[in-house]
Each structure stands twice: as C-alpha cells, then as structure tokens.
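Let's take a walk through the open spaces of this protein. Have the model on your screen and follow along.

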Amino acid sequence: MFHYETKDLSVPEVHRLLLGGVAPRPIALISTISKEGINNLSPFSFFNAFGANPPIVAFSPSRRGRDATLKDTYNNLLKTRECVIQVVTHSMVEQVSLASAEFSLDIDEFIKSGLTPIESDLVKPKRVKESPFQMECKLLEMRSFGEGGAAANLAICEVIKFHVAEDLFTNGIIDPLKIDLVSRMSGNYYSRAGAGVFEVEKPIGKKCIGYDQIPEHIRKSEIYSANDLGKFGNSESIPSEDDVKVFIQNINNEKIDDFEDGSEAFLRYQHMNDYKKMLKAALSISDSKIENIELAVKSSLQSNDMDFAWKAALYVKNIN
C-alpha cells in the first residue's frame, strides 16, 4: 500500500484521494433562492443523511478550490436559511451536470439546465420536478472548517417535508431499481446504483452464531470466499447431523428430469447455476467430490438458499 500523511500532500492530491476512496457518494441537487428572488441550483456529492428524529441531512458547499471563494448556495443558505434537496436519477444526470457549471449570481440554473422549477409548500426555494424524491429543508447550522481553497462548509439541515413519487415503492420501501439513483465516483465517473443492486441480510434482531462458530472444515475451505463465510456466520443455528443425513438421502433419491451423471454433467449444471443438480452430480462421481460439493454450496449461497448451503457444506466432513 501507499502511505500518505496529509501534511505532505497538496490540496488537489488530498481532494483526488477523497473523491476516489470515499465513493460512491450520493448526490444532493440543492435548490436555493437569493434575497433578490433568483433561483440557484447546484449538485453536491459530499452529502448524506444522519438521523431520523428529527430527520437530519447535511452537505458541504465547500469553498472553491482555485480561489477559496464561497459558492452561491452557501451565501443563499446563510441569508434565507432554506433549501430543497433533491436526489439525482439516471434520467436527469446530464442536466444536473450542466447545473454544476459556474454561472454568475444573476443566472437561474433552472433555465440553463432545462430542469423544471415547481413551487414548494413550506419553503421559498423551488423543487425540481424531474427528481422523484425531494426534501424541503430548514438550515439548522453552518459549520466552517478553514478559509483556504476546498475548505469544508457543513450545512446541517432539518427535513420538514418529503415529496416522493408514488411509483417508487415496492412492498412499502423505495425500490432501488425504480428510483434508479446515480452517485459520484472520481474524476468524470459516476455509478448507476440500480445496475449493481444486491441484498445483504442484516443481523439486526438475530442471535447470529458468528464467524468463530462456523465448523473448521468450512472456514478452511479454499472454495468459499470471506463473503460466503459471512453468510454462514449470519445464521442463527447449524443443522444437526440427522438433518444433514436426511437431506443427502433426499438428494440421492430425488428423481430429476434430464439429469445426467458424471463430471461433464456437473460442469453443464454449474454453467446453468443449478446448484441442486450440481450437488446430485457431485454425489455421483468420485473425482473432486469435495470440491464439486463446495462449488454447489457456493452457488446456493449466491441464491441465498442457506438451508441447502449449510447441509451440503456440513456433509463434506463425512467424506473420507
């Protein structure tokens, strides 16, 4: 690894490291209004939520890197104490990028970006019609950390009203594939959240066995990854030997249409990601039996079939 003390780096070098390593970052599209009534719209990727009671969000309208001047968003917020924070979706990302251009104070970025202003209910700054998730906010506090170029200004805001598109929800939660958020990476790179969505079962409210209670032969396997072992550790119990015995008997006795014995069949089922047939084929061959069983287990873990994964993984210990 490279090792850097920040005192030895220039500000641009520190900035590049932060942008590359602290990513992907959600994007806040901030709408403010000047005392003269001019709309301002600008995106910020140093942004996140920090509490729900009351609902607190914060972002950083930092000083400009080249000359340490303060941005219009910062000045407007201090004067009016109000803003609207919108999320950024893939369908609007190019327009949002356009809004980040440094226009003069008397220019309305809604007009320049082509985004549509709509009235807010509780604050004066306009909402962005194209964003499916909008938060009307009051500024609670502005904290400043330096006066040099790229110095942070932390705007801490309380959300006083949400506006959320009805069609975003699946089973009562905002569906990441429907909202299709984008986030910032380093340089000109962005990330599209929906394209890389996956699930990790949370251990909240569970009495997990933990990594240390996973049987040694599973922990020492060369097939399972650290993430695979994490899934085992997230379980609340381990199947009994009798459960494993019944499970294997059922696999051996199961009649599966188009099933073929042998190593070639195992590879074909592996390509199909059919872990049940993979296991049945693995049990029918002598060569590389343990490795093939564990590959079937790994495939079942990818499908979050933990009962299958546990019983097949535990059976390996019985193979001499």
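Start with the second largest pocket, which has a volume of about 450 Å³. Keep in mind that you're looking at a predicted model. To find the spot, pick out Glu199, Val200, Lys231, Leu301 and Asn304: of the 16 residues lining this pocket, these lie nearest its centre. Two elements each give two or more residues to that lining, namely α7 (226–233) and α11 (289–302). Of the elements, α7 chips in the most, with 4 residues. As for chemistry, the lining of this second largest pocket splits into 6 charged, 6 polar and 4 nonpolar residues.

Now swing over to the largest pocket, which holds about 1200 Å³ of space. Here 40 residues make up the lining, and the ones nearest the centre are His15, Pro43, Phe44, Ser62 and Lys71. Which elements give two or more residues to this lining? They are α1 (11–21), β3 (39–44), α2 (72–80) and α3 (93–99). The largest share comes from α1, which supplies 7 residues. Sorted by class, the lining of the largest pocket has 17 nonpolar residues, along with 13 polar and 10 charged ones.

How do you spot such spaces in the first place? Rolling a probe the size of a water molecule over the atoms shows where empty space is left.

To retrace the tour, click on α7 for the second largest pocket, then on α1 for the largest one.

Note on methods: Residues are numbered from 1 along each chain as its sequence is written. This is a predicted model: local features need pLDDT of at least 70, side-chain atom pairs count only at pLDDT 80 or more; totals for chains, interfaces and linings use all residues. Side-chain values use heavy atoms; hydrogens and water are left out. On a 1 Å grid over the protein atoms alone, a cavity is a set of points where a 1.4 Å probe fits but cannot get out, and a pocket is an open set with protein on both sides within 12 Å along at least five of seven lines; lining residues have an atom within 4 Å of a point. Grid points are joined across faces, edges and corners, and a volume is the space filled by probe spheres set on the points. Ala, Val, Leu, Ile, Met, Phe, Trp, Tyr, Cys and Pro count as nonpolar, Asp, Glu, Lys and Arg as charged, and the others, Gly among them, as polar.
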